[in-house]
Amino acid sequence: LGDASDGLTSMEYSPSGDRIAAAGYDKTIYIWRLGDTDSSLLQSLIADEGSILALVWSPDGKTIVTSSSDGSIRFRDAATLNPIRVIDHQPDWVQALSISPDGTKLAAGRYNGSLTLYDAKTQNSSPGEIRAARAPGLEVRTTPGREGSK
C-alpha cells in the first residue's frame with residue numbers, strides 16, 4: 001500500500017472492513033481494496049488545496065469526511081471522492097474527526113483543543129463549543145452559553 005507520495009496523517013478501515021482509506025500531506029485521498037493475499041489501489045484523488053489532516057467513514061460506508069489545512073471539512077461521496085458538502089472557515093486545524101454510530105453527529109477536534117459537534121445532515125453546529133483545558137489540569141470547560149462550566 002505504498003502509493004502515497006508524502007506522509008500520511010490519517011487512515012481508517014471502511015465499515016465493511018474490505019477497504020482502507022488514507023490521506024495526508026500530498027493532498028490526496030487513497031482507497032485500497034484489501035484482499036486475503038493481495039491488495040490494490042481502487043482510487044485516488046488530489047482532493048484539497050491543503051494537506052488532509054483527518055478522515056473518517058460514515059457508518060453506512062457511503063460518505064467519507066475529510067478535514068484539510070485549508071480550514072475546511074468536506075463530506076465526500078465514498079464511491080467518487082467528490083465533495084458533496086463543505087463546512088468552511090474552521091477556527092483552527094481539525095486534526096480529529098469522528099461520526100456517531102447512528103451517523104447523525106460529526107465531532108471535529110481542533111489543534112487549539114476545541115471540539116465542535118455538527119449535525120451530519122445539515123452541518124449545523126451544536127450551541128457552544130467544547131474546549132479542553134491544557135496540562136497540567138484535566139479540567140474540561142465549555143465556552144460561554146453552555147451550562148455546566150466544569
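Here is a short walk through a predicted model, from its sheet to a few of its side chains.

Let us begin with the sheet. Four strands make it up, and they lie in the order 1-2-3-4 with antiparallel pairing, leaving the sheet open. At its edges you will find strand 1, covering residues 8-13, and strand 4, covering 39-46; each of these pairs on one side only. If you ignore direction, neighbouring strands of this sheet are turned by 20° against each other on average.

Now step inward to strand 2 (residues 19-24) and strand 3 (residues 28-34). Five bridges join this antiparallel pair. As a general reminder, strands of a sheet pair through backbone hydrogen bonds, in either a parallel or an antiparallel way. Looking across from strand 2 to strand 3, you will see Ile20 standing opposite Trp32.

Trp32 is a good place to pause. The model has one aromatic pair by the rule used here. The pair consists of Tyr30 and Trp32, whose ring centres are 5.6 Å apart; their planes meet at 15°, under the 30 degrees cut-off, so the two rings count as stacked. Are these two residues buried or exposed? Tyr30 has 5% relative accessibility and therefore counts as buried, since the limit is under 20%. Trp32 has 2% relative accessibility, so Trp32 counts as buried too.

Finally, follow the chain along to another ring, that of Phe75. The charged end of Arg85 sits over this ring, 4.8 Å from the ring centre.

Technical notes
Residues numbered from 1 in each chain as written. Predicted model: local features only at pLDDT ≥ 70, side-chain atom pairs only at ≥ 80, totals over all residues. Heavy atoms only, no water. Pairing = 2+ DSSP bridges. Helix = DSSP H or I, 4+ residues; strand = E, 2+ residues; numbered from the N terminus. Axes fitted to C-alpha atoms, helices over the stretch in contact; angles between N-to-C directions. Phe/Tyr/Trp six-rings, centres within 6.5 Å; stacked < 30°, edge-to-face > 60°. Buried < 20%, exposed > 50% of the residue type's maximum accessible area, 1.4 Å probe, protein only. Lys NZ or Arg CZ within 6 Å of the ring centre and 35° of its normal.
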